[in-house]
Amino acid sequence: MTDFSSHNPDWWRQAVVYQVYPRSFADADGDGLGDLRGVTDRLPHLAALGVDALWLSPFYPSELADGGYDVADYRDVDPRLGTLADFDALAAEAHRLGLKVIVDLVPNHTSHQHVWFQEALAAGPGSPARDRYVFRDGRGPSGELPPTDWQSVFGGSAWQRVPDGQWYLHLFTREQPDLNWDHEEVREDFRTTLRFWSDRGVDGFRVDVAHALAKDLADPLRDLGDPELSGEQALVHLPPGTHPFYDRDEVHEIYRDWRRVLDSYTPPRTAVAEAWVPGARRALYARPDELNQAFNFEYLQASWNAEQIRAVIADSLATARAVGASATWVLSNHDVVRHASRLMLPPGTDQNAWLLSDGRAPHVDEPAGLRRARAATLLMLALPGSSYVYQGEELGLPEVADLPVEVLQDPLWEQTGRASKGRDGCRVPLPWTTTGPSYGFGAAGAWLPQPPYFARYAVQAQDGVEGSTLELYRTALRLRRKLLEGEELTWALETPPGVLSFARCDGWRCVTNLSDTPVPLPPGEVLLSSAPLAGDGRLAPDTTAWLA
Ligand code: GLC
């Protein structure tokens, strides 16, 4: 049995980590916004679910220009979400319940409200304060054109002009100026932040946009030539390490430096990189002298197709193994369409267009989506490595695709010129109870409106109900803990088309049927299945079973 206690410095290798998006989890003070006390009050839910750790998305002071990923102070708590004492209470209670705590670190950019950026604006061109960010003069006769053709991830130029005429770089919103990681003071400040939270007992860090910190800032900055090359997708078309701001080789020095800080603690603090970088290059961030893990988004991006998923699994395991890391698996998070809806969209569906149609076209069959989501989850939880579970997926929540545009808060909506509704549909506050204000989220309303059908998905509606998605997750996580042994996976040699079948160890086999007809199961006792078996004992379509 795997040891998930703090005595095991490798506890993270096969941990199940639950992502809490604090604004939308639970609201203890009744102001409509989730908060840290709300998380603490609901920790028993996570303990009963059987996860090993929770990862808190940013809870730092922020004007929420990008849902908290615009941090004004890395070493404090947003007053609307609580205090440092509330954080300490949360961490203490989590640890008491046997849960590790991972916090989000956002090193690529600060909020424009950060004291450094305010100083930079006040200090003017050429000042040392500007040097902590990426300020440049513009092009054109009076500097009226941005310094380069680099585009923001959220749309439009990545440069914003300030009143004195200079421009600053922001790969995300203009409220998120990029830091200059060539600056020693920036590096030292993040070491301080790593120590600040590690000293408070944090067990690990999730590193936001980990692949963008190192930039080629040699003057003059170079154009990409094609604005499309600003996207992370461009990385597959360029020789590795040559993009001016993504996945540059120098970025790894930063993480080797961090590893020395993280390893100065007992047990060493772990970290996981959010790096939208193709396979083998992504694994470099997970090397033992760097962050330990990197999110693998290829599983999330795969279509519901046996061959594709099999290839993604094999590739992810091989690339992680090659650097001595463990693989990671994600189906949902705060940036993507929830998998209970996504897996029903026909392959190639334009998800933005689907959201803009309020989820009407193409039609998504909600029960069928949930069925696939449950099968995909049970498959994921049988894979070697760690799984990252996003709040609400244990309830089978679908994407709220029909949020009225007037309530949208995601900056993507305005910054894309209203071409993308953005990510609010997966950030709607959780339903805990079947009735009451905001379905038990808090005493007041919720900051994004919850649809009436959330009542059916509430924790209260599923708790103790045989066959509910919540009980499926609980049983799967309990069994997984018991069965987990080693990090091996052995594919079955002969399987019907559309079927994935592998053994984890003696006594744990996982079979998923992605075809549209029932298939026979291999011999053995069925421990758990994501949907009832067909009448004749065969595995129904869109179902995963675990066998002993
Ligand atoms: C990451 C976060 C996302 C945020 C972006 C900018 O991708 O997951 O929510 O908008 O970074 O910080």
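In this predicted model, the charged end of Arg130 sits over the ring of Phe135, 4.4 Å from the ring centre. A second arginine is placed in a comparable way: Arg23 lies over the face of Trp447, at 4.0 Å from the centre of that ring.

Aromatic rings also pair with one another. A search of the whole structure finds 31 aromatic pairs. One of them joins Tyr255 and Tyr285, whose ring centres are 6.1 Å apart. Their planes meet at 50 degrees, so the pair is tilted. This contact links distant parts of the chain, with the two positions 30 residues apart in sequence numbering. Tyr255 belongs to helix α6, residues 251-262. Tyr285 falls in the loop between α7 (279-283) and β9 (292-294). Tyr255 is buried, at a relative accessible area of 0%. Tyr285 is likewise buried, with 0% relative accessibility. Another pair is formed by Tyr453 and Phe454, with ring centres 5.9 Å apart. Here the planes stand at 65 degrees, so the pair is edge-to-face. Tyr453 is partly exposed, because its relative accessibility of 21% is not under the 20% limit for burial. Phe454 has 1% relative accessibility and counts as buried. Ring pairs further assemble a cluster from Tyr74, Trp181, Phe190, Tyr255, Trp258 and Tyr285. The tilted pair of Tyr255 and Tyr285 thus has both its members in this cluster.

Internal space was examined next. Rolling a probe the size of a water molecule over the atoms shows where empty space is left. The count comes to seven cavities of 30 Å³ or more. The largest cavity holds about 100 Å³ of space. Its lining consists of 13 residues. Arg282, Ala294, Ala320, Ser326 and Ala327 lie nearest the centre of the largest cavity. Three elements, α7, β9 and α9 (306-322), each give two or more residues to this lining. Helix α9 gives the most, with three residues. By class, the lining has six nonpolar, six polar and one charged residues.

Several backbone features stand apart from the usual pattern. Most residues other than glycine have a negative phi, and most peptide bonds are trans. A cis peptide bond joins Asp219 and Pro220, with omega about -10 degrees. Pro220 lies in the loop between β7 (204-207) and α6. The bond from Thr266 to Pro267 is also cis, and its omega is near -10 degrees. Pro267 is in the loop between α6 and β8 (270-273). Positive phi values occur at Val209 and Asp247. Val209 is not a glycine, yet its phi is about 45 degrees. The loop between β7 and α6 contains Val209, which is buried at 4% relative accessible area. Asp247, also not a glycine, has a phi of about 50 degrees. Asp247 is found in the loop between β7 and α6, and counts as buried at 3% relative accessibility.

An unreviewed UniProt entry lists residues 19-427 as "domain: Glycosyl hydrolase family 13 catalytic". Over residues 19-427 the chain is 29% helix and 10% strand. The end C-alpha atoms of this span are 12 Å apart. Ala302 lies in the loop between α8 (298-301) and α9. At 10% relative accessibility, Ala302 counts as buried. Ala302 and Ser420 are 118 residues apart in sequence. In space, their C-alpha atoms are 21 Å apart.

Technical notes
Residues are numbered from 1 along each chain as its sequence is written. This is a predicted model: local features need pLDDT of at least 70, side-chain atom pairs count only at pLDDT 80 or more; totals for chains, interfaces and linings use all residues. Side-chain values use heavy atoms; hydrogens and water are left out. Rings of Phe, Tyr and Trp (its six-membered ring) pair if their centres lie within 6.5 Å; planes under 30 degrees apart count as stacked, over 60 as edge-to-face and the rest as tilted. Helices (H or I, at least four residues) and strands (E, at least two) are DSSP runs, numbered from the N terminus. Buried means under 20% relative accessible area, exposed over 50%, partly exposed in between (1.4 Å probe, protein chains only). A charge sits over a ring if NZ of Lys or CZ of Arg is within 6 Å of the ring centre and within 35 degrees of the ring normal. On a 1 Å grid over the protein atoms alone, a cavity is a set of points where a 1.4 Å probe fits but cannot get out, and a pocket is an open set with protein on both sides within 12 Å along at least five of seven lines; lining residues have an atom within 4 Å of a point. Grid points are joined across faces, edges and corners, and a volume is the space filled by probe spheres set on the points. Ala, Val, Leu, Ile, Met, Phe, Trp, Tyr, Cys and Pro count as nonpolar, Asp, Glu, Lys and Arg as charged, and the others, Gly among them, as polar. UniProt positions are given in the numbering used here, feature names are shortened, and annotations may be inferred rather than shown by experiment.
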